Amino acid sequence: ARNVELGEKAAAALKSEGLKKVVFHQLDVTEQSSIEVLKSHIASQYGGIDVLVNNAGIFYKKDSEVPLLQQARDTVSVNFTGVFNVTKALWPLLRPHSRVVNMSSQIGKLSKLQSVELKEKFKSDSLEEIQLVGLIDQFLKDFEEGMHVQRGWPTGGSPGYTFYCVSKIGVNALTKIFAREAVKSGKEDVLINTCCPGWVRTDMGGPTATKSVEQGAETPLYLALLPAGGP
């Protein structure tokens, strides 16, 4: 968590439920320096990672007064770039048989893209990291120029919906890239997956969401505990 007070409160709640070894460490996924501090802490205190869940996310509501371009940049920074930078930084610490779970969304489907060319680029099995980052940067540029609709990016709903949609399309593509890299680099039984937890009653999802936090955790937990040889 970025917010130390909230993070410590969550850790205390888990300890009260009997999870005595829970430790909180501050992390802002939009700050490389914060990521590096966490990396150093994990390396020195634990030596490696068995499970990494990239769960940080942001979704701007319709009534937000934040300028739209800033909303777009913020959403991409947290939801996509944060996943990219955190995973890249912690990659050397992934132990054999570790699991990586990236939180995505059903609105991150390629069908949300209006351009056939964009769909083909995002789903390509040869898509590389630098190319994917370039596609996401192109969306930000197209939006700034008022050309995102004409160039086939997602539409419908609020602007926040569009930003969130693009960021999760990026996460899905990034997950495939990391999964290929795990195999290519010879990491032993390291499985990398993405999932949609559903509409969950969190601070972001709101009180009217259809799933409890416990229900929303079911799929990520399943992926985090996949046996050897899993998908």
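A residue counts as buried when its relative accessible area is under 20%, as exposed when that area is over 50%, and as partly exposed in between. In this predicted model, Arg151 has a relative accessibility of 37% and so counts as partly exposed.

The side chain of Arg151 meets that of Glu145 in a salt bridge, with 3.2 Å from N to O. Glu145, at 44% relative accessibility, is partly exposed as well. Salt bridges with shared partners join these two residues and Asp142 into one network.

Side chains of opposite charge can pair when their charged atoms come close. The structure holds 9 salt bridges, including the three pairs below.

| Pair | N to O distance |
|---|---|
| Glu145 and Arg151 | 3.2 Å |
| Asp125 and Lys176 | 3.6 Å |
| Arg73 and Glu144 | 3.9 Å |

Which parts of the chain does the pair of Asp125 and Lys176 tie together? Asp125 lies in the loop between helix H4 (116-123) and H5, whereas Lys176 belongs to helix H6 (residues 159-184), so the salt bridge connects parts that are 51 residues apart in sequence. Asp125 is exposed, with 59% relative accessibility, while Lys176 has a relative accessible area of 34% and is partly exposed.

Arg73 and Glu144 form a salt bridge in which the closest N and O atoms are 3.9 Å apart. This pair also links distant parts of the chain: Arg73 is in helix H3 (residues 68-90) and Glu144 is in helix H5 (residues 129-144), 71 residues apart. The relative accessible area of Arg73 is 40%, so Arg73 is partly exposed.

Definitions and conventions. Residues numbered from 1 in each chain as written. Predicted model: local features only at pLDDT ≥ 70, side-chain atom pairs only at ≥ 80, totals over all residues. Heavy atoms only, no water. Salt bridge = Lys/Arg side-chain N within 4 Å of Asp/Glu carboxyl O. Helix = DSSP H or I, 4+ residues; strand = E, 2+ residues; numbered from the N terminus. Buried < 20%, exposed > 50% of the residue type's maximum accessible area, 1.4 Å probe, protein only.
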